[in-house]
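Ready for a little practice with strands, helices and charged side chains? Take a look at the structure first, then try each exercise before reading its solution.

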Amino acid sequence: MSFLDDPKGAFADLTRPERWVLGVSVAFMLFLLGALLTGALGPTYFLFLVGLAGMYALLSFGLNAQWGFTGLINFSVAAFFGIGAYGSALMTAESSPIAGGFNPLVGLVVALVVALVLALLIGIPTLRLRADYLAIASLGLAEVVRLVVLNERWLTNGSAGVRGIPSFFQGWPVLSTFPETMPGLRLVVIPGSPIILGTSFWQSLLNVLLVLTFAGVTFFVLRRAHQSPWGRVLRTIRSDEDLARALGKNTYSFKMQSFILGSLIMALAGVFYTHLNLYVGPGDLDPITTFYAWVAVILGGSGSNRGALFGGIVIVTIREGTRFLNDVALPIDPAPMRLLLIGVVIVAVMRYRPQGILPPQRELIWPSAVDDRGTPETPDSGVREQKGGGGDE
Amino acid sequence: MSEGALPKEDAVLRVDDLQKSFGGLAATDHATFAVERGTITGLIGPNGAGKSTLFNLISGFYEPDGGTVEVNGTDVTGMEPYEVAEHGLIRTFQTPRKLEGMTVREAMLVGPRNQPGESFIKLFATPGSVSESESANLADAERILEDFEIDHLATQPATDISGGQMKLVELARAMLAEPEVLLLDEPVAGVNPTLAKKLKEQIRRLNEQGTTFLLIEHDMEFVMDLADPIVVLDQGHVLTEGTPEGVRNDDRVIDAYLGGGT
Ligand SMILES: Nc1ncnc2c1ncn2[C@@H]1O[C@H](COP(=O)(O)OP(=O)(O)O)[C@@H](O)[C@H]1O
Ligand SMILES: [Mg+2]
C-alpha cells in the first residue's frame, strides 16, 4: 500500500518509532522552510547542508553494509572516504602533483578502483580470521593511509592539500555551464529580506542532485540486496557464522563482498565531498569521520538502511547546528559541544532503545516471492515488527 | 579389533584413522568407521568421548592431525565446511543456533543451497530467476514446516520459540539443504518428551524418504529405538559397532559408561 493511495491507512500501519521519526522530520522540515523563507538560512548554504547530509548518509550506508548487514567491524571509514576524496581530487585538480586535469568521471572510476584494491588488501588476510582481526587491522590501516597522505608530498601535496578541483560536471554538455547560464533570481517572500539565487545557488543545486543520485542509487541497491537471499546469508553470518558455514555458505566470500561493497560506497562519499568542497586536505582523513559514521549507524539502527539515512542526517544536524548555535545564540566552542551532544544522544539511545531508532523491522524475504504466495498478512502482536514483504526495508 | 567391523558396501561417509589432539589430549584417537547409505547410524559414548569433535572434523570445522574423511567417495579431508556441504554432508550443532532478527520461515530460507539470489550480480541481472527460486524455496519451507506440524510458527521471531521447537526448526532447515547425509548432534537434548517423539518420527520419515542420518544422542532409549547400527566411541576411538541389542549387552560399552571415560 502506498502512502499516496491511503495516507491514513499507511500512517496507521507505521510502528511507533516510525511515526515519531516521521513527525520529527516533518517538524524539522517546516523549521528549515521557515528559516529559508525568513532569510535566516541562506538557500545556498542550505543546499550545502543537504549535500553534506547526503554525504554522511552515504558513509552510513557503506558502514551499514559492513557492520549492519554482516557484523564486520571497520574502523577505517575515514580511510576509504579519504581514498575516494583524494583519488578523484588527484585525477581532476589543476594543482594535482600527479596526473590531474582528467574528467571527473575518470576520477570517480580511479577512486573506486583504488578503494577496491585497498579493501582486498585488508580483507584477504583478515576476513578468514575472527571478527576482531579486521577491527584491529582497519584501525591501523586508517592511520597508515592518513600518514601516507600527509607525508608523501610527491603524490598528495602533503599538508597543503589539493586545490583547484573542478565541479563534478566539468566537461559535461549543458551541465558544466548550467550555473552560469541560469539567470540570477531575486525572491521576496517577506518584504525587506529578499532571497537571492545566483550562480553559486545553481552550482549547489547541481551538487545536491548529484548526491541525491549517488545516495538514491545506493539506497536502491542496498535495499534490494538486503531483502535478497544474499542479504540473508550476510545476516546469518552476523548472527552465527558457523551456522552459515554448516549450511554450505562460503562465508569468506560473502564477507569479502560485503566489505568491498561498503568500502566502495564510502569512497563514493569521498568523491562527492571532493567536488562539493573543491579542496581536500589530510585533515579530511581524521578519525572523526569514522566516529560519525559509527554513531549514525548505531543511532539509526544497525542493519537498517533508512536508519543509516536518518543517522546521517542527525549527524549533520548536530555538526552544523552547533556551529549555528555558536554563531547566533551561545558563544560555546562548537567542537566540544558537538561531542557532548553526540555523547548524550548515544547514551540516551543505548539506554532506551539499544537496537537504534529505526532498526530493520520487517521480515526480509524477496518481496515478490511473498506476494506471489499470497501469504496472509495478519501478524498478531508478537510479530508486529516482523511482518512480511514489501515493507520499507 | 572390532573397529568398522560391519561390511559397508555403499558408504556415504567413511572416516579412516582420524586423529585430533588439543594440547596433550587426544580428543580423536585413530577413529575409523563408515556410514552406510540409507541407514540411521547412532554415535554414542560417554561425555567427553569426542563425539562432537568427530563431527567437527568430518564437517570441516576442525583440521584433522591425521587420517581421512570421505563423503560419497570423495576425499574431503581439509576442505572448508561449505565444500563438504557441497558434497552432500550437512551438520547441526549441539547447542541450538538462534538467528536474531529473523522470523522462523526466514531462518528456514537460509537452508537451501546454491540459491540464485545468493549471487549479488544476479539480484540485478536476472531478478526474475531470483523471484522464481525464492517463491519455490518459500513454498518448500512452508511445506516442511507443515510436515513438522510447526507451520503456525512461520512468522514468529526465530528467537521467541522454545528450545525444542528450535531443534525441530534446525532439522527442518537442514533438510532444505537437501543433504545426502545429515549429522545431528544431540537432537533431543533438552527437548520435552512430546517434541522428542515428534522429532523421532520426523527423522524416521525423512530416512524412509532417502536421507542418511548419523546422530549423536545421550538419550539411550531414543537412540536405541531409532538407530541401527550404533557406533560406540570412547576416549576418541571406536570401541565397537553393532546393533542396539549387541551394543546394549556389550560389557566393554557398559565399562566405558561406568568408567566415565577415565
Ligand atoms: N576446541 C577444543 N579445545 C580444547 N579441547 C577441546 C576442544 N573441543 C573439545 N575438546 C576436548 O575434547 C574432548 C572431547 O570433547 P567433545 O568432542 O565435545 O566430547 P563429546 O561431544 O563426546 O561429549 C573433551 O575432553 C573436550 O574438553
Ligand atoms: Mg558433544
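The exercises below concern a predicted model.

**Exercise 1.** Work out the strand order of the open sheet of 6 strands in chain B, and find its edge strands.

*Solution.* Start with the order, which reads E6-E7-E8-E3-E9-E10 in chain B, with mixed pairing. Next, look for strands that pair on one side only: these are E6 (89-91) and E10 (237-242) of chain B. Finally, check the twist: neighbouring strands of the sheet are turned by 20° against each other on average, direction ignored.

**Exercise 2.** Describe how E7 and E8 of chain B pair, and find helices that pack on the sheet.

*Solution.* Begin with the strands: E7 (residues 181-185) and E8 (residues 212-216) of chain B run in the parallel sense and share 5 bridges. Within this pairing, Leu182(B) stands opposite Phe213(B) of E8(B). Now add helix H6 (residues 163-176) of chain B, which touches E6, E7 and E8 of chain B and makes an angle of about 160° with the direction of E7(B). Then turn to helix H7 (residues 193-208) of chain B, which touches E3 (40-44), E7 and E8 of chain B; its direction makes about 150° with that of E8(B).

**Exercise 3.** Place the salt bridge between Glu106(B) and Arg235(A) in the structure, and decide whether each partner is buried or exposed.

*Solution.* The N to O distance for this pair is 2.5 Å. Glu106(B) belongs to helix H3 (residues 104-108) of chain B and Arg235(A) to helix H10 (residues 229-239) of chain A, so the salt bridge joins two chains. For accessibility, the cut-off for buried is under 20%. Glu106(B) has 0% relative accessibility and is therefore buried. Arg235(A), at 11%, also counts as buried.

**Exercise 4.** How far apart along the chain are Asp10(B) and Arg37(B), and where does each sit?

*Solution.* First, the contact: their side chains form a salt bridge with an N to O distance of 3.0 Å. The partners are 27 residues apart, with Asp10(B) in the segment before strand E1 (11-22) and Arg37(B) in the loop between strand E2 (25-36) and E3 of chain B. Asp10(B) is partly exposed at 36% relative accessibility, and Arg37(B) is partly exposed at 34%.

**Exercise 5.** Relate the salt bridge between Arg146(A) and Glu143(A) to the helix that holds both residues.

*Solution.* The closest N and O atoms of the pair are 2.9 Å apart. Both residues lie in helix H6 (residues 131-151) of chain A, and because they are 3 residues apart, about one helical turn separates them. Glu143(A) is partly exposed, at 33% relative accessibility.

Definitions and conventions
Residues numbered from 1 in each chain as written. Chains lettered and ligands numbered in written order. Predicted model: local features only at pLDDT ≥ 70, side-chain atom pairs only at ≥ 80, totals over all residues. Heavy atoms only, no water. Pairing = 2+ DSSP bridges. Helix = DSSP H or I, 4+ residues; strand = E, 2+ residues; numbered from the N terminus. Axes fitted to C-alpha atoms, helices over the stretch in contact; angles between N-to-C directions. Contact = heavy atoms within 4.5 Å. Salt bridge = Lys/Arg side-chain N within 4 Å of Asp/Glu carboxyl O. Buried < 20%, exposed > 50% of the residue type's maximum accessible area, 1.4 Å probe, protein only.
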